[in-house]
Amino acid sequence: MESRRDRFRRQLARLAGTGSPREAIDAGLYVPRPASGNRLAQRIDLQPNATRVLAGPIGNGKSTELVVLAEALNGLPDVWAAVVDVSLVHDLSDLQEGSLVAAAGVYLQDEHKLDNGAFRRLREVAYGATNSLKQLLKLSLSTVSLSTEGDGRPSRGLLQEPDNRAGSAQALAPLLLDAINETQEAKGLHPVLLFDSLDRARDPSGFRTVLEHDARALVDHGFGVVLTAPVSVLWSDSGELRALTETWETLPYEDPLKNAEAVEFLIEILRRRADLQTLPEATWLPLVEASGGVLRDLIELARSAVEEAYLAGRDAVGPQEVDAAIAHFARALALGLDGAAISTLISVQATQQVRVFDEPTLRLLKNRQILEHRDASGSYFEPHPALGSMLQRWAKAS
Amino acid sequence: MLIPSVSLRLLESTGGPAWYLITVPEGTEHGVAAELHAEIVAQGGSACVWPGHELGSAPVTIMVIAGDAVSKLPAYLDTHRSTLANWGVLAFVIEHDAAGRFLHDAPHVASFVGGRVIATTAEDDDAPPEYVARRLNSLREAYGMTDAQAREAFESGRHADDIYFLEWMVLLEGARSGG
């Protein structure tokens, strides 16, 4: 018979929020989102050869959606799709022209175990002798052109002096296409690359560079491209960036306090992960409401409540453990908030709007102390619901 | 929280990625990290401490965030989150007052830490007695044993590999030496 300790351990393992998306999907833990469905997959099916952005705030399941999207695309008869986690092969603070194409070549070789002469050439070009992608940026035009075995000479316009790495994306893209086309898996299919982890790039100008040059070069050579966007551009004027893409979709946090469909979606996430003996159904709604619709926070709150129940010597999570989990979470979320931040939170709670998108407010948005939701009439904002009790106390004190 | 309890919590999390922020009094970051490391080893686990050891070279990685690292590391850790996910259990040891800034500067890391922020004292003796009492009570309820029965079971080897019994013994020892 399973011991109490083993039962709790098994439950905690199913609530491991930092686990890989692939493992979660394979374990049947993925729940399709209410609205988006496979809209992006359908768009790519209609027009594979385009640049598309999938943006969204932190902890909202973008990486998982990319894996699911790749799976859906690979189910189409004429598409070959792969997710590329750029951060595993390249420093995101160093996004420059050519780095995305080179990173794709290296990642597909390392993680997807694709290998042929073209991939090996691509790796040589990317890493050179220093075993660093930075080497790419030191390449002269002639080196890149030699690697492509063709002219590959880029056009930078009559009035622009090409620098020593200009055109590297255009030169590398056909090499990557050759590499992929030579594999059995992708031969004769439309390649679609889904670039994950770019949401963690801090410098929007680096993202702009790879969007402008690498994504364009890949599309010019027949690829479909999907990129995640840096969190920092979510609340800034991204018109210029959007103009460089065919579509720009944002995955907002679902609102469990106003939207019944969102509640069903979030409850279903817990249903797939919960052992009813340990995390009974009666505890789900308060956890869902306290999560504010942030998927990672929901799983983290549930995990913490289970841990609390175990430490308290109980057989199952009850209201006390849910409250304790929310209190722990709120304390972590409130760490380092100063008076100005608290005033902003109180104001957002009252108005459901953000008055000024200045740097301190953007930090509150990035760090989930303020959550943005969307409905038919547009965006509205609220403090993270886990902060509710603290905010009441602060409001009284002020 | 007691350092042995923190180390047990970290050990218990091995087997899957789990990130913790351990906050400590100013100037004790390296000392607490060394104590955590020693406790984990004493309890039969394996840990590495950065700076010093290679990152991710043991199931538990303890990273000291002190000095220049407080301002420089958040950006690095945030952008390398995918790599960190392969390092198993990760404990960031940082001064209480710098913890908020660290989380604010590394929002992706903060999202993975979630509510796992543990405040610890530099000296075990400073652990609040109410914590020890509550924890001992939880263990008694969970296993349906008195302290004496637990000690006997542990000493006879029946629960020698159960880290909660080890914690139980550490807490009893602390309660006794604390008077």
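# Burial, cores and confidence in a predicted model

Analyst: In this predicted model, buried residues make up 55% of the 398 residues in chain A.

User: What makes a residue of chain A count as buried?

Analyst: A relative accessible area under 20%. That cut-off is met by 55% of the 398 residues of chain A.

User: Why is the set of 119 residues called a nonpolar core?

Analyst: Because its members are buried residues of nonpolar types such as Leu and Phe, joined through side-chain atoms within 4.5 Å. Those with the most contacts inside it are A:Leu108, A:Leu176, A:Leu193, A:Phe195 and A:Leu227. Helix α14 (residues 295–311) of chain A gives the largest share of this core, 10 residues. There is also a second, separate core of 22 residues, with B:Met63, B:Ile65, B:Leu77 and B:Phe102 among them.

User: Which residues does A:Leu176 touch, not counting those up to four places away in sequence?

Analyst: A:Leu176 has heavy atoms within 4.5 Å of residues including A:Val101, A:Leu108, A:Phe119, A:Leu193 and A:Phe223. Two of these, A:Leu108 and A:Leu193, are also listed with the most contacts inside the core of 119 residues.

User: How do you know which element of chain A the predictor is least confident in?

Analyst: From the mean pLDDT, which is the predictor's confidence on a scale from 0 to 100. Helix α8 (residues 141–148) of chain A has the lowest, 32, and helix α13 (residues 284–291) of chain A the highest, 98. Over residues 129–164 of chain A the pLDDT is below 50, although this stretch has 55 contacts in the model beyond near neighbours in sequence. Where pLDDT is low, predicted coordinates should not be read in detail.

Conventions. Residues are numbered from 1 along each chain as its sequence is written. Chains are lettered from A and ligands numbered from 1 in the order in which they are written. This is a predicted model: local features need pLDDT of at least 70, side-chain atom pairs count only at pLDDT 80 or more; totals for chains, interfaces and linings use all residues. Side-chain values use heavy atoms; hydrogens and water are left out. Buried means under 20% relative accessible area, exposed over 50%, partly exposed in between (1.4 Å probe, protein chains only). Helices (H or I, at least four residues) and strands (E, at least two) are DSSP runs, numbered from the N terminus.
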